[in-house]
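Here is a friendly walk through a protein model, written for someone meeting structures like this for the first time. Have the picture open beside you and look up each residue as it comes along.

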Amino acid sequence: NSTGVGYVFVSGTTGESVKLTTEERLMQAKMYVDEVKKFPGMKVIVHVGAECLADAVRMGQNAESIGADAIAAMPPSFFKPATVQALAAHMCAIGSSAPSLPFYYYHIPSMNSVVFPMYDLVLEMEKNGAPNFAGIKYTGLYTHPSFMDVAKILGYKNNKYEVLSGRDEMMIEALASGITGFVGSQYNYAGDLYNSIRFAWQKGDIKRAREIQLTAINLLGIALGTLDSAQDGPKSVMSFVLP
């Protein structure tokens with residue numbers, strides 16, 4: 001909280017949600033919501049995506065009942081949706097499990113190979129009637145159509161839907177595209193560093209923003225180079241941060 005980070009994203013990729021049982025994830029969500037209440041202004045987004053739709057729905061219902069502020073979901077990664085229409089139907093079922101909360105689709109094709117353009121998903125979600133659909137957590141910024149996709153989403157119906165960047169190391173590129181929300185591993189221990197990029201950008205000091213982003217990229221290289229796993233690296237760094 002003191003580093004300027006305003007949200008906690010629970011059970012995402014870094015949180016290794018796919019390794020946990022549904023019961024563990026239900027308990028984890030409750031633990032985080034209860035803990036975050038100690039910090040005024042902080043909010044919690046709970047990732048509820050799962051291979052089993054019934055489990056995802058159950059976790060969405062739980063997130064709403066315990067007082068989370070929003071939910072998000074990745075798609076199944078083994079029996080992948082064959083069409084964007086199937087993906088939208090699946091996501092609408094999850095979103096409707098917590099109708100009072102904003103719902104975000106978690107786009108991470110590098111991990112699950114679900115590669116549809118997200119603008120197409122936005123249109124299909126509207127067709128299906130998803131009143132709490134709020135936007136996309138867009139980690140697929142390395143994958144075509146990337147920022148062209150982001151521009152179309154943000155330009156649709158006067159910014160009706162949000163895009164949250166899921167790539168720490170591309171903050172300047174995301175800011176230039178109009179993204180204002182960021183979800184990433186390094187904000188766990190370097191939120192102040194990344195906020196300084198945002199502040200420099202807002203002041204128009206692009207040179208300084210680039211300098212700080214290079215520092216952040218080098219820090220990411222240290223974290224990911226610590227161990228083989230993209231998840232183990234941040235965990236290792238956090239061991240130096242936490243008592």
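Phe78 and Phe79 are both exposed. This is a predicted model, and a search through the whole of it finds 7 aromatic pairs. Phe78 and Phe79 make up one of these pairs, with 4.9 Å from centre to centre and 85 degrees between the planes, an edge-to-face arrangement. Another pair is formed by Tyr119 and Tyr156, which counts as edge-to-face because the planes of the two rings stand at 85 degrees, with the centres 5.9 Å apart. Tyr119 belongs to helix 5 and Tyr156 to the loop between helix 6 and strand 6, so this pair ties together parts that are 37 residues apart in sequence. Are Tyr119 and Tyr156 buried or exposed? Both of them are buried. Ring pairs also join Tyr119 and Tyr156 with Phe103, Phe133 and Tyr161 in a cluster.

**The nonpolar cores**

The largest nonpolar core contains 64 residues. Tyr105, Leu121, Met125, Phe133, Ile136 and Ile153 are the residues with the most contacts inside this core. Which helix gives the most to it? That is helix 8, covering residues 187-203, with 7 residues. Another core lies apart from the largest one; it has 7 residues, including Ala72, Tyr104, Ala134 and Leu164.

To see what a core residue looks like up close, try Ile153. Leaving out residues up to four places away in sequence, Ile153 touches Met118, Tyr119, Val122, Ile136, Tyr138, Tyr161 and Val163. You have already met Tyr119 and Tyr161 in the ring cluster.

**Helix 8**

Now follow helix 8 along its length. Helix 8 bends by about 35 degrees at Leu193. Leu193 is also one of the buried residues of this helix, together with Tyr187, Tyr189, Ala190, Gly191, Tyr194, Asn195, Ile197 and Ala200. A general rule helps when you read such a list: an α-helix has 3.6 residues a turn, so residues three or four places apart point the same way. Just after helix 8 comes Gly204, with a positive phi of about 85 degrees.

**Backbone details**

Some other backbone features deserve a look. His144 and Pro145 are joined by a cis peptide bond, with omega at about 10 degrees. Pro145 sits in the loop between strand 5 and helix 6, while Ser146 is in helix 6 itself. Ser146 counts as buried because its relative accessibility is 11%. Two residues other than glycine have a positive phi, and the table sets them beside Gly204.

| Residue | Phi | Place |
|---|---|---|
| Ser146 | near 50 degrees | in helix 6 |
| Asn159 | near 60 degrees | loop between helix 6 and strand 6 |
| Gly204 | about 85 degrees | just after helix 8 |

**A buried asparagine**

Where is Asn132 found? Its place is the loop between helix 5 (118-128) and strand 5 (133-138). With a relative accessible area of 12%, Asn132 is buried. The side chain of Asn132 reaches the backbone oxygen of Leu101 at 2.9 Å. Apart from neighbours within four places in sequence, Asn132 is in contact with Leu101 and also with Gly95, Ala98, Pro99, Pro102 and Phe103. Phe103 is a member of the ring cluster described earlier.

**The cysteines**

A disulfide is a covalent bond between the sulfur atoms of two cysteines. How many disulfides does a search of the whole structure find? The count is 0. Cys52 is in no disulfide, and the nearest cysteine sulfur, that of Cys92, is 18 Å away. A disulfide requires the two sulfur atoms to be within 2.5 Å, so a distance of 18 Å does not qualify. Cys52 counts as partly exposed, because its relative accessibility is 35%. Cys92 has a relative accessibility of 14% and therefore counts as buried.

**One more loop**

Finally, find Gly67 in the loop between helix 2 (53-66) and strand 3 (70-73). Gly67 counts as partly exposed, because its relative accessibility is 41%. Between Gly67 and Lys37 there are 9.6 Å in space, C-alpha to C-alpha, though the two are 30 residues apart in sequence.

Key:
Residues are numbered from 1 along each chain as its sequence is written. This is a predicted model: local features need pLDDT of at least 70, side-chain atom pairs count only at pLDDT 80 or more; totals for chains, interfaces and linings use all residues. Side-chain values use heavy atoms; hydrogens and water are left out. A nonpolar core is a set of buried Ala, Val, Leu, Ile, Met, Phe, Trp, Tyr and Cys residues joined through side-chain atoms within 4.5 Å. Buried means under 20% relative accessible area, exposed over 50%, partly exposed in between (1.4 Å probe, protein chains only). Helices (H or I, at least four residues) and strands (E, at least two) are DSSP runs, numbered from the N terminus. Contact means heavy atoms within 4.5 Å. A polar contact is a pair of N or O atoms within 3.5 Å; within protein, one must be able to donate a hydrogen and the other to accept it, and residues adjacent in sequence count only if both atoms are side-chain atoms. The bend at a residue is the angle between axes fitted to the seven residues ending there and the seven starting there. Rings of Phe, Tyr and Trp (its six-membered ring) pair if their centres lie within 6.5 Å; planes under 30 degrees apart count as stacked, over 60 as edge-to-face and the rest as tilted.
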